[in-house]
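The following exercises concern the structure shown below. Each consists of a task and a stepwise solution.

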Amino acid sequence: MFVGTFDPFNYGHLDIVNRASEYFDVVYILIVPDNTKQNEISLDDRRDIIKSYFVDRRDIFIDVVPGTLGDYASVSYTHLRAHETRGN
């Protein structure tokens with residue numbers, strides 16, 4: 001799980017994701033807001049920019065975290081467990 005504001009996403013971030021994918025089956029890139037600074041790029045635009053780097057990669061998942069990371073993890077875990085239980 002690679003968490004950051006990614007404002008902007010740069011080649012250093014890209015390198016970290018590519019290196020992480022050598023060790024892990026799936027890499028999650030989670031974009032979090034930073035309310036302590038003026039963001040140059042909206043969260044949705046950042047997500048779209050990052051997705052453009054990984055169009056053909058099925059092992060990279062990108063999402064925006066609208067609230068706290070703890071809330072996101074709790075909801076995501078519950079969602080994933082529901083799919084696992086149903087066999088989807």
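**Exercise 1. Determine which residues Phe6 touches beyond four places in sequence, and describe its setting.**

Step 1. With contact taken as heavy atoms within 4.5 Å, and residues up to four places away in sequence left out, Phe6 touches His13, Ile29, Leu30, Ile31, Arg46 and Ile50.

Step 2. Phe6 is found in the loop between β1 and α1. Helices (H or I, at least four residues) and strands (E, at least two) are DSSP runs, numbered from the N terminus.

Step 3. The relative accessible area of Phe6 is 3%, so this residue is buried. Buried means under 20% relative accessible area, exposed over 50%, and partly exposed in between, with a 1.4 Å probe and protein chains only.

Step 4. Two C-alpha separations relate Phe6 to later parts of the chain. Arg47 is 41 residues away in sequence and 9.0 Å away in space. Ile49, 43 residues away along the chain, is separated from Phe6 by 10.0 Å. Ile49 belongs to helix α2 and is partly exposed, at a relative accessible area of 34%.

**Exercise 2. State the basis of the model and identify where its confidence is lowest and highest.**

Step 1. The model is predicted: local features need pLDDT of at least 70, side-chain atom pairs count only at pLDDT 80 or more, and totals for chains, interfaces and linings use all residues. Residues are numbered from 1 along each chain as its sequence is written, and side-chain values use heavy atoms, with hydrogens and water left out.

Step 2. pLDDT is the predictor's confidence in each residue, from 0 to 100. Its mean over the protein chain is 84, and 84% of the residues reach 70 or more.

Step 3. Confidence is lowest in helix α3 (residues 69-86), with a mean of 58, and highest in α1, with a mean of 97.

Step 4. Over residues 80-88 pLDDT stays under 50, and the model has one contact beyond four places in sequence for them. Where pLDDT is low, the predicted coordinates should not be read in detail.

**Exercise 3. Test the span of helix α1 against expectation and locate its buried face.**

Step 1. The expected span is 1.5 Å times one less than the number of residues. For the 13 residues of α1 (residues 11-23) this gives 18 Å; the end C-alpha atoms are 19 Å apart, which agrees.

Step 2. His13, Leu14, Val17 and Ser21 are the buried residues of α1. Viewed down the helix axis, they fall within an arc of 100 degrees and therefore line one face of α1. The arc is that of the directions from the helix axis to the C-beta atoms.

Step 3. An α-helix has 3.6 residues a turn, so residues three or four places apart point the same way.

Step 4. Tyr11, Arg19, Glu22 and Tyr23 are exposed on the face of α1 turned away from the buried side. The cover over the buried residues includes β1 (2-4), β2 (27-31), α2 (43-53) and β3 (60-64).

Step 5. His13, one of these buried residues, has 17% relative accessibility. Beyond four places in sequence, His13 touches Phe2, Phe6 and Pro8.

Step 6. At the start of α1, a side-chain oxygen of Asn10 comes within 2.8 Å of the backbone nitrogen of Gly12.

**Exercise 4. Find which peptide bond in the loop between β1 and α1 is cis, and which residue there has a positive phi.**

Step 1. Most residues other than glycine have a negative phi, and most peptide bonds are trans.

Step 2. The bond from Asp7 to Pro8 is cis, with omega near 5 degrees. Pro8 lies in the loop between β1 and α1.

Step 3. Phe6, also in that loop, has a positive phi near 50 degrees, in a residue other than glycine.

**Exercise 5. Summarise the chain as a whole: how many helices and strands does it have, and in what order do its elements run?**

Step 1. There are three helices and three strands, in the order β-α-β-α-β-α from the N terminus on.

Step 2. Of the 88 residues, 26% are buried.

Step 3. Among contacts with a separation of 6 or more, 68% join residues 24 or more positions apart.

Terms used. Polar contact = N/O pair within 3.5 Å; in protein donor to acceptor, adjacent residues only side chain to side chain.
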